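Q: Could you walk me through how to read a few local features in a structure like this one?

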Amino acid sequence: LLLLLVATIGFSVFAIKLQKDAGISAVRGYIDNDVSQHVIAEYGDATSVEDLFCQLAIFACNNFQYNYRQADVQRIQWFDYMDFVQGKMGYGGGPYSGICYDFAAYTSTVVEIIANYKGWSNVRVDVVSIKSLKNGSRHACNFIYVEDDVYYIDLTWDSTEYQQGRM
(Lines give C-alpha, C1' and ligand atoms only; values in the text may rest on other atoms or scores of the structure.)
Protein backbone atom coordinates (compact mmCIF):
# COMPACT_ATOMS: atom_id res chain seq x y z
CA LEU A 1 0.00 0.00 0.00
CA LEU A 2 2.85 2.37 0.86
CA LEU A 3 4.56 1.61 -2.45
CA LEU A 4 1.33 2.38 -4.31
CA LEU A 5 1.00 5.68 -2.43
CA VAL A 6 4.58 6.70 -3.26
CA ALA A 7 4.07 5.76 -6.93
CA THR A 8 0.85 7.78 -7.08
CA ILE A 9 2.50 10.85 -5.57
CA GLY A 10 5.46 10.49 -7.95
CA PHE A 11 3.17 10.20 -10.97
CA SER A 12 1.17 13.24 -9.83
CA VAL A 13 4.30 15.37 -9.49
CA PHE A 14 5.49 14.19 -12.90
CA ALA A 15 2.08 14.95 -14.51
CA ILE A 16 2.00 18.44 -12.98
CA LYS A 17 5.50 19.15 -14.30
CA LEU A 18 4.49 17.99 -17.79
CA GLN A 19 1.39 20.19 -17.68
CA LYS A 20 3.44 23.20 -16.60
CA ASP A 21 6.04 22.60 -19.32
CA ALA A 22 3.28 22.32 -21.95
CA GLY A 23 1.45 25.45 -20.77
CA ILE A 24 -1.50 23.44 -19.51
CA SER A 25 -3.18 24.20 -16.19
CA ALA A 26 -5.12 21.53 -14.36
CA VAL A 27 -7.61 24.29 -13.56
CA ARG A 28 -7.81 26.15 -16.87
CA GLY A 29 -6.79 23.66 -19.55
CA TYR A 30 -4.54 24.66 -22.42
CA ILE A 31 -3.91 28.37 -22.94
CA ASP A 32 -2.77 28.88 -26.51
CA ASN A 33 -2.36 31.94 -28.70
CA ASP A 34 -6.08 31.96 -29.63
CA VAL A 35 -7.07 32.13 -25.96
CA SER A 36 -4.55 34.89 -25.24
CA GLN A 37 -5.67 36.92 -28.26
CA HIS A 38 -9.34 36.54 -27.30
CA VAL A 39 -8.69 37.68 -23.71
CA ILE A 40 -6.53 40.62 -24.79
CA ALA A 41 -9.14 41.72 -27.35
CA GLU A 42 -11.84 41.70 -24.65
CA TYR A 43 -9.91 43.05 -21.64
CA GLY A 44 -6.62 44.46 -22.95
CA ASP A 45 -7.69 48.05 -22.37
CA ALA A 46 -7.88 47.58 -18.58
CA THR A 47 -5.94 50.40 -16.94
CA SER A 48 -5.51 48.71 -13.55
CA VAL A 49 -6.28 45.48 -11.77
CA GLU A 50 -9.35 47.08 -10.23
CA ASP A 51 -10.52 48.22 -13.67
CA LEU A 52 -10.08 44.66 -14.91
CA PHE A 53 -12.25 43.39 -12.03
CA CYS A 54 -14.98 45.87 -12.97
CA GLN A 55 -14.81 44.85 -16.63
CA LEU A 56 -15.05 41.17 -15.64
CA ALA A 57 -18.08 41.80 -13.43
CA ILE A 58 -19.90 43.80 -16.11
CA PHE A 59 -19.11 41.15 -18.73
CA ALA A 60 -20.31 38.35 -16.45
CA CYS A 61 -23.54 40.14 -15.58
CA ASN A 62 -24.35 40.60 -19.26
CA ASN A 63 -23.16 37.24 -20.59
CA PHE A 64 -22.80 34.43 -18.05
CA GLN A 65 -25.65 31.97 -17.65
CA TYR A 66 -25.65 29.47 -14.80
CA ASN A 67 -26.21 25.99 -16.26
CA TYR A 68 -28.31 24.02 -13.78
CA ARG A 69 -28.26 20.92 -16.00
CA GLN A 70 -24.47 20.93 -15.93
CA ALA A 71 -24.50 21.37 -12.15
CA ASP A 72 -26.70 18.26 -11.83
CA VAL A 73 -24.64 15.92 -14.03
CA GLN A 74 -21.00 17.09 -14.11
CA ARG A 75 -18.76 15.11 -11.78
CA ILE A 76 -15.24 15.89 -13.04
CA GLN A 77 -14.35 19.55 -13.26
CA TRP A 78 -12.37 20.59 -16.31
CA PHE A 79 -12.38 23.94 -18.03
CA ASP A 80 -11.58 24.77 -21.63
CA TYR A 81 -11.67 28.51 -22.28
CA MET A 82 -12.60 28.38 -25.97
CA ASP A 83 -15.27 25.70 -25.42
CA PHE A 84 -16.79 27.90 -22.70
CA VAL A 85 -16.71 31.00 -24.92
CA GLN A 86 -18.12 29.18 -27.95
CA GLY A 87 -20.77 27.22 -26.04
CA LYS A 88 -19.25 23.79 -26.69
CA MET A 89 -19.11 22.58 -23.09
CA GLY A 90 -21.26 19.54 -23.84
CA TYR A 91 -24.07 20.42 -21.44
CA GLY A 92 -26.03 22.78 -23.66
CA GLY A 93 -26.77 26.33 -22.73
CA GLY A 94 -24.71 28.15 -25.32
CA PRO A 95 -21.78 30.55 -25.02
CA TYR A 96 -20.68 31.52 -21.49
CA SER A 97 -22.96 28.90 -19.96
CA GLY A 98 -21.50 26.99 -17.06
CA ILE A 99 -21.25 26.57 -13.33
CA CYS A 100 -19.33 28.43 -10.65
CA TYR A 101 -16.16 26.47 -11.39
CA ASP A 102 -16.25 27.60 -15.04
CA PHE A 103 -16.77 31.22 -14.03
CA ALA A 104 -13.87 31.04 -11.57
CA ALA A 105 -11.59 29.35 -14.12
CA TYR A 106 -12.55 32.00 -16.69
CA THR A 107 -11.64 34.72 -14.19
CA SER A 108 -8.35 33.03 -13.40
CA THR A 109 -7.47 32.74 -17.09
CA VAL A 110 -8.35 36.37 -17.84
CA VAL A 111 -6.51 37.81 -14.85
CA GLU A 112 -3.38 35.76 -15.50
CA ILE A 113 -3.22 36.65 -19.21
CA ILE A 114 -3.94 40.36 -18.70
CA ALA A 115 -1.49 40.61 -15.79
CA ASN A 116 1.23 39.12 -18.01
CA TYR A 117 0.20 41.31 -20.97
CA LYS A 118 0.26 44.49 -18.85
CA GLY A 119 3.40 43.55 -16.93
CA TRP A 120 1.60 43.47 -13.58
CA SER A 121 4.09 41.14 -11.91
CA ASN A 122 2.58 41.54 -8.45
CA VAL A 123 -0.70 39.71 -9.28
CA ARG A 124 -1.53 36.12 -8.34
CA VAL A 125 -4.92 34.49 -8.81
CA ASP A 126 -6.34 31.36 -7.19
CA VAL A 127 -9.46 29.35 -7.92
CA VAL A 128 -10.87 28.45 -4.53
CA SER A 129 -13.36 25.71 -3.70
CA ILE A 130 -15.51 26.58 -0.71
CA LYS A 131 -17.40 23.86 1.12
CA SER A 132 -20.58 24.73 2.97
CA LEU A 133 -20.58 23.77 6.63
CA LYS A 134 -24.34 23.17 6.64
CA ASN A 135 -25.09 20.88 3.71
CA GLY A 136 -21.65 20.01 2.30
CA SER A 137 -22.25 21.72 -1.04
CA ARG A 138 -19.31 23.35 -2.80
CA HIS A 139 -18.81 26.65 -4.56
CA ALA A 140 -15.89 27.99 -6.58
CA CYS A 141 -14.71 31.60 -6.62
CA ASN A 142 -11.43 33.50 -6.84
CA PHE A 143 -8.97 35.08 -4.45
CA ILE A 144 -6.72 37.52 -6.27
CA TYR A 145 -3.60 38.80 -4.57
CA VAL A 146 -2.21 42.19 -5.60
CA GLU A 147 0.81 43.20 -3.51
CA ASP A 148 -0.56 43.24 0.07
CA ASP A 149 -4.24 43.24 -0.91
CA VAL A 150 -6.53 40.24 -1.35
CA TYR A 151 -9.65 40.51 -3.49
CA TYR A 152 -12.59 38.10 -3.40
CA ILE A 153 -14.17 37.77 -6.84
CA ASP A 154 -17.34 35.73 -7.33
CA LEU A 155 -18.75 36.17 -10.83
CA THR A 156 -21.40 33.51 -10.17
CA TRP A 157 -22.84 35.65 -7.39
CA ASP A 158 -22.50 38.88 -9.37
CA SER A 159 -24.15 37.57 -12.54
CA THR A 160 -26.94 35.76 -10.68
CA GLU A 161 -27.77 38.75 -8.51
CA TYR A 162 -27.75 41.06 -11.54
CA GLN A 163 -29.89 38.77 -13.69
CA GLN A 164 -32.44 38.36 -10.89
CA GLY A 165 -32.70 42.14 -10.50
CA ARG A 166 -31.03 42.35 -7.11
CA MET A 167 -27.92 44.22 -8.21
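A: Happily; we will take a helix, a polar side chain and a surface patch in turn, keeping in mind that this is a predicted model.

Q: Let's start with helix α2: which of its residues are buried?
A: Burial is judged by relative accessible area, with under 20% counting as buried. In α2, which spans residues 33-43, the buried residues are Val35, Ser36, Val39 and Tyr43. They lie on the same side of α2, because the arc they cover around the axis is only 95°. Asn33 and Ala41, on the other side of the helix, are exposed.

Q: What caps the N-terminal end of α2?
A: Look for a side chain that reaches a backbone nitrogen there. Here the cap is Asp32, with a side-chain oxygen 3.1 Å from the backbone nitrogen of Asp34.

Q: Now Asn142 in strand β6: is this residue buried or exposed?
A: Asn142 is buried, and its relative accessible area is 1%. For a polar side chain, the next thing to check is its polar partners. A polar atom of the Asn142 side chain lies 3.0 Å from the backbone oxygen of Ala104, and one lies 3.3 Å from the backbone oxygen of Asp126. Beyond its neighbours within four places in sequence, Asn142 is in contact with residues including Phe103, Val125, Tyr151 and Ile153.

Q: Which residues form the nonpolar patch on the surface?
A: A patch is read as a group of side chains, so we add up what the group shows to the outside. Leu2, Leu5, Val6 and Ile9 make up this one, with about 410 Å² of accessible area together. Of these, Val6 belongs to helix α1, residues 2-22.

Key
Residues numbered from 1 in each chain as written. Predicted model: local features only at pLDDT ≥ 70, side-chain atom pairs only at ≥ 80, totals over all residues. Heavy atoms only, no water. Buried < 20%, exposed > 50% of the residue type's maximum accessible area, 1.4 Å probe, protein only. Helix = DSSP H or I, 4+ residues; strand = E, 2+ residues; numbered from the N terminus. Arc of directions from axis to C-beta. Polar contact = N/O pair within 3.5 Å; in protein donor to acceptor, adjacent residues only side chain to side chain. Contact = heavy atoms within 4.5 Å. Patch = residues over 30% accessible without salt bridge, like charges linked within 9 Å, V, L, I, M, F, W, Y side chains within 5 Å. Areas by Shrake-Rupley, 256 points an atom, 1.4 Å probe, with all protein chains shown as cover. Salt bridge = Lys/Arg side-chain N within 4 Å of Asp/Glu carboxyl O.
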